[in-house]
Amino acid sequence: RNKKRPRDTRVSQQDRLCSFISRGLKCKFESCYYNHDALDYLSRKPPDLGDNCYQYSVYGWCTNGIMCRFGKNHIDYTTGKNLIRS
């Protein structure tokens, strides 16, 4: 069947951001394999898929944090923080 089809490349664990860091928390694991530098992650992050994040426009904050692929309007690229609308 589809056994010889080309596979998508996987992102290495060092290129992924730790989920605790993306939410603005401290990582609780000592041997965590994921990246803990938010600014480094943002510099290597793939381009956003769109300009407007639905969750941010409706709720005022995004649950995906700085890993959001529509985060141009709620990510501060100088500090690496996820913005929350008040």
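In this predicted model, the side chain of D48 comes to 3.3 Å from the backbone nitrogen of K72. D48 sits in the loop that joins helix 2 to helix 3, and the residue counts as buried because its relative accessibility is 15%, where buried means under 20%. A second polar contact of the D48 side chain is made with the side chain of K45, at 3.2 Å. This pairing also qualifies as a salt bridge, with the closest N and O atoms of D48 and K45 3.2 Å apart, and both residues are buried. Once neighbours within four places in sequence are set aside, D48 is in contact with C68, R69, F70, G71, K72 and Y77.

K72 takes part in a salt bridge of its own, meeting the side chain of D51 at 3.2 Å, N to O. This pair links distant parts of the chain, with D51 in the loop between helix 2 and helix 3 and K72 in the loop between helix 3 and strand 1 (75–76), 21 residues apart. D51 is partly exposed, with a relative accessible area of 48%, and K72 counts as partly exposed at 48% relative accessibility. K72 is thus a handy landmark for a new reader, since the backbone nitrogen of K72 is reached by the D48 side chain and the side chain of K72 meets that of D51.

The whole structure holds four salt bridges. One of them joins the side chains of D15 and R44, at 2.3 Å from N to O. D15 belongs to the segment before helix 1 and R44 to helix 2, so this bridge ties together parts that are 29 residues apart in sequence. Both ends can be found partly at the surface: D15 counts as partly exposed at 35% relative accessibility, and R44 is partly exposed with a relative accessible area of 43%. The D15 and R44 pair also belongs to a network of salt bridges that links D15, D40 and R44.

Attention now turns to the interior. In soluble globular proteins, nonpolar side chains tend to be buried together. The largest nonpolar core here has six residues, namely L17, A38, Y41, L42, I66 and I75. Helix 2 (residues 38–44) supplies the largest share of this core, with three residues. One core member, A38, touches L17, I66 and G80 when residues up to four places away in sequence are not counted.

H74 offers another view of the interior. This histidine is found in the loop between helix 3 and strand 1, and it counts as buried because its relative accessibility is 0%. The side chain of H74 makes a polar contact with the side chain of N82, at 2.7 Å. Leaving out residues up to four places away in sequence, H74 touches C53, Y56, C62, G65, C68, K81, N82 and L83. Of these, C68 is also in contact with D48.

W61 shares the loop between helix 3 and strand 1 with H74. Their C-alpha atoms are 7.8 Å apart in space, while the two residues are 13 apart in sequence. In contrast to the buried H74, W61 counts as partly exposed, at 44% relative accessibility. W61 is in contact with Q55, Y56 and I84, leaving aside its neighbours within four places in sequence; Y56 is touched by H74 as well.

The surface has its own nonpolar feature. Y54, V58, Y59, W61 and I84 make a nonpolar patch of about 640 Å². Among its members, V58 is placed in helix 3 (residues 54–59) and is partly exposed, with a relative accessible area of 43%. W61 and I84, both part of the patch, are also in contact with each other.

Finally, the start of the chain can be located. K3 lies in the segment before helix 1 (19–22) and is exposed, with a relative accessible area of 74%. The C-alpha atoms of K3 and K26 are separated by 42 Å, with their positions 23 residues apart along the chain.

Conventions. Residues are numbered from 1 along each chain as its sequence is written. This is a predicted model: local features need pLDDT of at least 70, side-chain atom pairs count only at pLDDT 80 or more; totals for chains, interfaces and linings use all residues. Side-chain values use heavy atoms; hydrogens and water are left out. Patches are made of residues with over 30% relative accessible area and no salt bridge: like charges are joined within 9 Å, nonpolar side chains (Val, Leu, Ile, Met, Phe, Trp, Tyr) within 5 Å. Accessible areas come from the Shrake-Rupley method with a 1.4 Å probe; for residues, only the protein chains shown count as cover. Helices (H or I, at least four residues) and strands (E, at least two) are DSSP runs, numbered from the N terminus. Buried means under 20% relative accessible area, exposed over 50%, partly exposed in between (1.4 Å probe, protein chains only). A nonpolar core is a set of buried Ala, Val, Leu, Ile, Met, Phe, Trp, Tyr and Cys residues joined through side-chain atoms within 4.5 Å. Contact means heavy atoms within 4.5 Å. A polar contact is a pair of N or O atoms within 3.5 Å; within protein, one must be able to donate a hydrogen and the other to accept it, and residues adjacent in sequence count only if both atoms are side-chain atoms.
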